[in-house]
Amino acid sequence: GELFDRSMWYMALLGVPIAFGIWAVAPDIILLAGKEYASAAPVLQTLIFVLLPIFLDFPIGSLLNAVDRQLTKTAVMGATMVLSVALNAFLIPVFGTMGAAYAALISFWFLFLAGLWFIPSIIPAYRLKRLVDILLPIFFSGVVMAAVAVWTRDVLGFVAAVPAGALMYGTMLVLTKAVRREHLEEFRRLWKHEPASYEPPAASHA
């Protein structure tokens, strides 16, 4: 259970700033391709959040495969594919390109949640509340980061928004105790290729 929690913590720590950061500056990113693509910004802002379930599903898929539950993972992926086809058929005629973005977002979150449903049957006595306690501070930090990045972008421009958002994300991770001193020590050890010497990240109740 601790190893699974640790894996989800790492995935969220990486995926959240990418998703919320790109959402915050999507209009500027799209303009790099040309002003004629400016209307695609809302599509990017929606589609980028597909990264979150993709990142979070990786430890789930690895765990299912490790305990010889490949059939379960395949069934979940099959159901996701069917759902994606149905959603695209329904949403694209109504919303156009945004419909495809909505379909992808719903499908990948279904993939993640459906896989997560099987975790308590694999890890004895595992409670999903533990995962919520771990992920919530990270997601909250991402929301605050995005808000600061948007405000900075409006006031100082795109170039200043990126470091401002990154600084705020790191600050919020510390304030919410999503990242603590022992985690920073682990990062240092990983950077220097030293063996770890602390327990995996515990659920934060901040």
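Let's start at I60. In this predicted model, and leaving out residues up to four places away in sequence, I60 touches F4, M8, F112, G115, L116 and I119. So what is I60 part of? I60 is among the residues with the most contacts inside the largest nonpolar core, along with F4, I119 and I138. That core has 37 residues. Six helices each supply at least two of its residues: α1, which runs 2-31, then α3, α5, α6 at 119-122, α7 at 128-156, and α8 at 158-175. Which helix gives the largest share? That's α1, with twelve residues.

Okay, zooming out for a second. The chain has nine helices and zero strands, and reading along the sequence you just get α after α, nine times over. Of the 206 residues, 40% are buried. And if you take contacts with a separation of 6 or more, 73% of them are between residues 24 or more positions apart.

Now, α4. This one covers residues 70-95, so 26 residues, and from first C-alpha to last it reaches 35 Å, close to the 38 Å expected at 1.5 Å a residue. There is a kink in there, though: about 25°, centred on N88. Which residues of α4 are buried? T72, K73, V76, T80, L87 and L91. The cover over those buried residues includes α3, at 51-66, and α5, at 97-116. And right after α4 comes G96, with a positive phi of about 70°.

Let me stay with K73 for a moment, since a lysine on that buried list is worth a look. K73 sits in helix α4. Buried or exposed? K73 has 10% relative accessibility, and the cut-off for buried is under 20%, so K73 counts as buried. As for what is around K73, not counting residues up to four places away in sequence, the contacts are D57, G61, L64, N65 and L111.

Several of those names come back when you look at how α3 and α4 meet. The two axes come within 7 Å of each other and cross at roughly 140°. Anything over 145 would have been called roughly antiparallel, and that's why α3 and α4 go down as oblique to each other. On the α3 side, the contact is made by D57, G61, L64 and N65; on the α4 side, by Q70, T72 and K73.

There's also the α5 side of things. S107 is in helix α5, and with a relative accessible area of 2%, S107 is buried. Again skipping residues up to four places away, S107 touches T80, L83, S84 and L87. If you want a number to check in your viewer, take S107 and S84: 23 residues apart along the chain, with their C-alpha atoms separated by 5.5 Å.

Next, α7. Here 29 residues should span 42 Å at 1.5 Å a residue, and the end C-alpha atoms are 41 Å apart, so the two agree. But where does α7 bend? At L135, by about 30°, with a proline, P137, following within four residues. The buried list for α7 is L131, D133, I134, L135, P137, I138, S141, G142, M145, A146, A149 and T152. So L135 and P137 are both on that list, and I138 is the one we met earlier among the residues with the most contacts in the core. Covering the buried residues of α7 you have, among others, α1, α3, α5 and α8. After α7 comes G157, and its phi is positive, near 105°.

Last bit: backbone oddities. Most residues other than glycine have a negative phi. With that in mind, which residues here have a positive phi without being a glycine? I'll point out two. A125 has a positive phi of about 65°; you'll find A125 in the loop between α6 and α7, and A125 counts as exposed, because its relative accessible area is 60%. The other is K177, also with a positive phi of about 65°, and K177 lies in the loop between α8 and α9, which is 181-191.

Definitions and conventions
Residues numbered from 1 in each chain as written. Predicted model: local features only at pLDDT ≥ 70, side-chain atom pairs only at ≥ 80, totals over all residues. Heavy atoms only, no water. Expected span 1.5 Å × (residues − 1). Bend = angle between axes of the 7 residues up to and from the residue. Buried < 20%, exposed > 50% of the residue type's maximum accessible area, 1.4 Å probe, protein only. Contact = heavy atoms within 4.5 Å. Core = buried A, V, L, I, M, F, W, Y, C linked by side-chain atoms within 4.5 Å. Axes fitted to C-alpha atoms, helices over the stretch in contact; angles between N-to-C directions. Parallel < 35°, antiparallel > 145°, perpendicular 65-115°, else oblique.
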